[in-house]
Amino acid sequence: MPLSPDNYIVFTIGGLAINKTITNTWVVMALLTGVSYLITRNLRPDVPPSRWRITLEVIVSGIQDQIAEITQRRDRQLLSFVGTLFLFIFTSNLMTVVPGFDVPTGSLSTTTALALSVLVAVPLFGMSSHGMRAYLRTYLEPSFIMLPFNIVSELLRAISLAMRLYGNIMSGGVIVAVLLSVAPFFFPVMMSMLSLLTGVIQAYIFSVLATVYISSAMAAQTTKVPK
């Protein structure tokens, strides 16, 4: 039994194999883009807000409040980055209920790409806040001997993010597949609901951890500036 949608080749382009992870990622991206366009196409002061627009505003406000609670500041760039991560992972995991749809977050390549984006975002947000030299100096603290350990620590953060999300989503899919062969009508429904709940929680955990990592880089600079 294949454990990842990476093993399903949907089609090839010029010898390049396009697997199910890529096509399903495109589906999720198209879904998010299409829904966002339909909700915001009449976003004008003279047009009364629709039910969907109010729902979207509640979601964005909730993400913004959660980020502000962690970072003690309202940062629109951080909202754009973390909000995009959360909505992509949340929507992907929500698609668990669609029969035959292998969620892209059940692939290690997808979770690794998401973790790498966080790994790149941490120094970028830190440098954009207080400058490159001030941020890079934190890797030499409390002594230059700690430089390799600080670099390894950053890499391990990304690895733990990728493995945590992949492990939880993949294990849920495997358990559902096993129970489907044992009791095809009872257990899969229960486990699908449990996988859906786990997926929503994992989207929240991934986004919160990404916010914590970025805010710690920005806060580290904040404490250095007065010195």
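The paragraphs below lead through a predicted model, going from its overall layout to its strands, its helix packing and its nonpolar core.

The protein contains seven helices and two strands, and along the sequence these elements follow the pattern β-β-α-α-α-α-α-α-α, with both strands preceding the helices. Of the 227 residues in the protein, 35% are buried. If one considers the contacts between residues at least 6 apart in sequence, 66% of them join residues that are at least 24 apart.

A convenient place to begin is strand S2, which covers residues 16-19 and includes Ile18. The relative accessibility of Ile18 is 5%, and because buried means under 20%, Ile18 counts as buried. Once the neighbours within four places in sequence are set aside, Ile18 is in contact with Tyr8, Ile9, Val10, Phe11, Thr12, Ile13, Thr23 and Trp26. Asp6 stands 12 residues from Ile18 in sequence, and the C-alpha atoms of these two residues are 8.9 Å apart in space. Ala17 is also found in strand S2, but with a relative accessible area of 38% Ala17 is partly exposed. Leaving out residues up to four places away in sequence, Ala17 touches Ile9, Phe11 and Thr12.

The helices can be entered through H2, where Val60 is found. Val60 has a relative accessibility of 34% and therefore counts as partly exposed. Although Val60 and Gly83 are separated by 23 residues in sequence, their C-alpha atoms are 7.5 Å apart in space.

How do the axes of H3 and H4 cross, and within what distance do they come? The two axes come within 12 Å and cross at roughly 170°; since angles over 145 degrees count as roughly antiparallel, H3 and H4 are described as roughly antiparallel to each other. On the H3 side of this contact are Gln77, Leu78, Phe81, Leu85, Phe88 and Ile89, and these meet Thr110, Leu114, Ser117, Val118, Ala121 and Phe125 in H4. Sorted by class, the contact of H3 with H4 comprises nine nonpolar and three polar residues, with no charged residues.

Record annotation can be set beside this part of the model. An unreviewed UniProt entry lists residues 78-101, 107-127, 165-187 and 193-214 under "transmembrane region". In the model, residues 78-101 are 71% helix and 0% strand, and the C-alpha atoms at the two ends of that span are 31 Å apart. Residues 107-127 are 95% helix and 0% strand, with their end C-alpha atoms lying 31 Å apart.

The last step is the nonpolar core. Which residues have the most contacts inside the largest nonpolar core? This core has 33 residues, and those with the most contacts inside it are Ile89, Leu114, Val118, Val122, Phe206 and Ile214. At least two core residues are supplied by each of helix H2 (51-71), helix H3 (76-94), helix H4 (108-130), helix H6 (147-182) and helix H7 (187-224). Ile89, Leu114 and Val118, named here among the core residues with the most contacts, also take part in the meeting of H3 with H4. Val122, another of the core residues with the most contacts, touches Tyr135, Glu154, Tyr213, Ile214 and Ala217 when residues up to four places away in sequence are not counted. Ile214, one of these partners of Val122, is itself among the residues with the most contacts inside the core.

Conventions. Residues numbered from 1 in each chain as written. Predicted model: local features only at pLDDT ≥ 70, side-chain atom pairs only at ≥ 80, totals over all residues. Heavy atoms only, no water. Core = buried A, V, L, I, M, F, W, Y, C linked by side-chain atoms within 4.5 Å. Buried < 20%, exposed > 50% of the residue type's maximum accessible area, 1.4 Å probe, protein only. Helix = DSSP H or I, 4+ residues; strand = E, 2+ residues; numbered from the N terminus. Contact = heavy atoms within 4.5 Å. Axes fitted to C-alpha atoms, helices over the stretch in contact; angles between N-to-C directions. Parallel < 35°, antiparallel > 145°, perpendicular 65-115°, else oblique. Nonpolar A, V, L, I, M, F, W, Y, C, P; charged D, E, K, R; others polar. UniProt positions renumbered as here; feature names shortened; annotations may be inferred.
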